[in-house]
Amino acid sequence: MPNTDSILRIALQKSGRLSEDSFRLFKECGIKFESGTGKLKTSSSNFPAEFLFLRDDDIPGYVEDGVADIGIVGENVFVETNRKAEVTYRLGFSKCRLSIAVPRGVDYKGVDDFQGKSIATSYPRILANYLKEQGVKAEIHEISGSVEIAPSIGLAEGVCDIVSSGSTLLSNGLKEVETIFRSEAILISNKKLAKSKHDTLNKLLFRIKAVQTAQNYKYILLNAPNDKLQDIINMIPGMKSPTIVPLAMEGWSSIHSVLEENQFWENIEAIRSAGAEGILVIPIEKMIY
């Protein structure tokens, strides 16, 4: 039974893409918990953690107030809410951008075109900071949803909204003209986190880093003639040194190595040209240095 003082209360978005990515991350970290529809709170059965399922824009406030110890939230939401919490780790998934868009028929020349005009957005703080940096004075209409409709109903000359693929803008007759902020999922923590909870957080970060490091590497197995071993080893050095296993066929060996995926693809043709055969590329679930 874990010490209750060390149990980490984790705030997660209750639905949406960021929610799905967060749940997947915890599953890959081997942390088990139920996340059924309508459930607002649950506990892990094998890790000292409780989970709160919240609206995304409520998460920074819960963490600042200490109701939750940590939370996973989009960086755009964290910056927009302007809550006081620590950015503990950049998770690298759920990437998107906050962009300004205008009707497709508009001859757009630059952000100065918005001087004296209006922009509709759900992110007034980020947009206001950007316009101030650009020296542009524009009216900001804050609306909570359906931002894309604003130009067609005469509410604003442009919009500023989150973009992933851009398909929503296109379907509403808009074109993206300025990217003002790039966002990804971040892990935030309360600034006054107790030491016992810090220890649990460090254990969680250890698991997250092991999972994410593994995603960039592959386990490589191949067969090669012995007279070409050194040439191939030079191309796939591995973390320390490859493992060489003699085959039953005389004059041949099997090489086992862990390699960054990009490095493997950059060298694959040279590896094959050196005589490698039966090349297997296997995903790695966890990787700990």
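**Figure 1. Contact of helix 1 with helix 6 in the predicted model**. L25, F26 and E28 of helix 1 meet L204, I208, V211 and Q215 of helix 6. The residues of this contact comprise five nonpolar, one polar and one charged. The two helices, helix 1 and helix 6, pack with their axes 9 Å apart and at an angle of about 100 degrees. Helix 1 and helix 6 are therefore roughly perpendicular to each other, since angles of 65 to 115 degrees are placed in that class.

**Figure 2. The largest nonpolar core**. This core holds 25 residues, of which I10, L12, F26, I31, F51, L91 and L204 touch the most other members. At least two residues of the core are supplied by each of strand 1 (8-13), helix 1 (17-28), strand 3 (49-54), strand 4 (70-74), strand 11 (185-189) and helix 6 (195-215). Helix 6 gives the largest share, five residues. Another core, of 16 residues, lies apart from this one, and its members include L98, F114, I126 and Y130.

**Figure 3. Surroundings of L204 in helix 6**. L204 counts as buried because its relative accessible area is 0%, and the limit for burial is under 20%. Not counting residues up to four places away in sequence, L204 touches L8, I10, F26, I31, F47 and I70. One of these partners, F26, also appears in the set of helix 1 residues that meet helix 6. L204 and A224 are 20 residues apart along the chain, and their C-alpha atoms are separated by 40 Å.

**Figure 4. Surroundings of L91, a member of the largest nonpolar core**. Leaving aside neighbours within four places in sequence, L91 is in contact with L25, I72, E184, A185, I186, L187, I208 and Q212. Among these partners, L25 and I208 are also found in the contact of helix 1 with helix 6.

**Figure 5. Surroundings of D21 in helix 1**. The relative accessibility of D21 is 13%, so this residue counts as buried. Beyond residues up to four places away in sequence, D21 touches F93 and S94.

**Figure 6. Surroundings of L169 in helix 5**. Helix 5 covers residues 167-171 and contains L169. With a relative accessible area of 7%, L169 is buried. Apart from neighbours within four places in sequence, the contacts of L169 are A101, E148, V163, L174 and E176. L169 and P103 are 66 residues apart in sequence, and the distance between their C-alpha atoms is 9.1 Å.

**Figure 7. Two domains annotated in UniProt**. An unreviewed UniProt entry places the feature "domain: ATP phosphoribosyltransferase catalytic" at residues 55-209. Over residues 55-209 the chain is 29% helix and 30% strand, and the end C-alpha atoms are 26 Å apart. The feature "domain: Histidine biosynthesis HisG C-terminal" is placed by UniProt, also in an unreviewed entry, at residues 214-286. The span of residues 214-286 is 30% helix and 40% strand, with its end C-alpha atoms 5 Å apart.

Definitions and conventions: Residues are numbered from 1 along each chain as its sequence is written. This is a predicted model: local features need pLDDT of at least 70, side-chain atom pairs count only at pLDDT 80 or more; totals for chains, interfaces and linings use all residues. Side-chain values use heavy atoms; hydrogens and water are left out. Helices (H or I, at least four residues) and strands (E, at least two) are DSSP runs, numbered from the N terminus. Buried means under 20% relative accessible area, exposed over 50%, partly exposed in between (1.4 Å probe, protein chains only). Contact means heavy atoms within 4.5 Å. UniProt positions are given in the numbering used here, feature names are shortened, and annotations may be inferred rather than shown by experiment. A nonpolar core is a set of buried Ala, Val, Leu, Ile, Met, Phe, Trp, Tyr and Cys residues joined through side-chain atoms within 4.5 Å. Axes are lines fitted to C-alpha atoms, for helices over the stretch in contact, and angles run from 0 to 180 degrees between N-to-C directions. Angles under 35 degrees count as roughly parallel, over 145 as roughly antiparallel, 65 to 115 as roughly perpendicular and the rest as oblique. Ala, Val, Leu, Ile, Met, Phe, Trp, Tyr, Cys and Pro count as nonpolar, Asp, Glu, Lys and Arg as charged, and the others, Gly among them, as polar.
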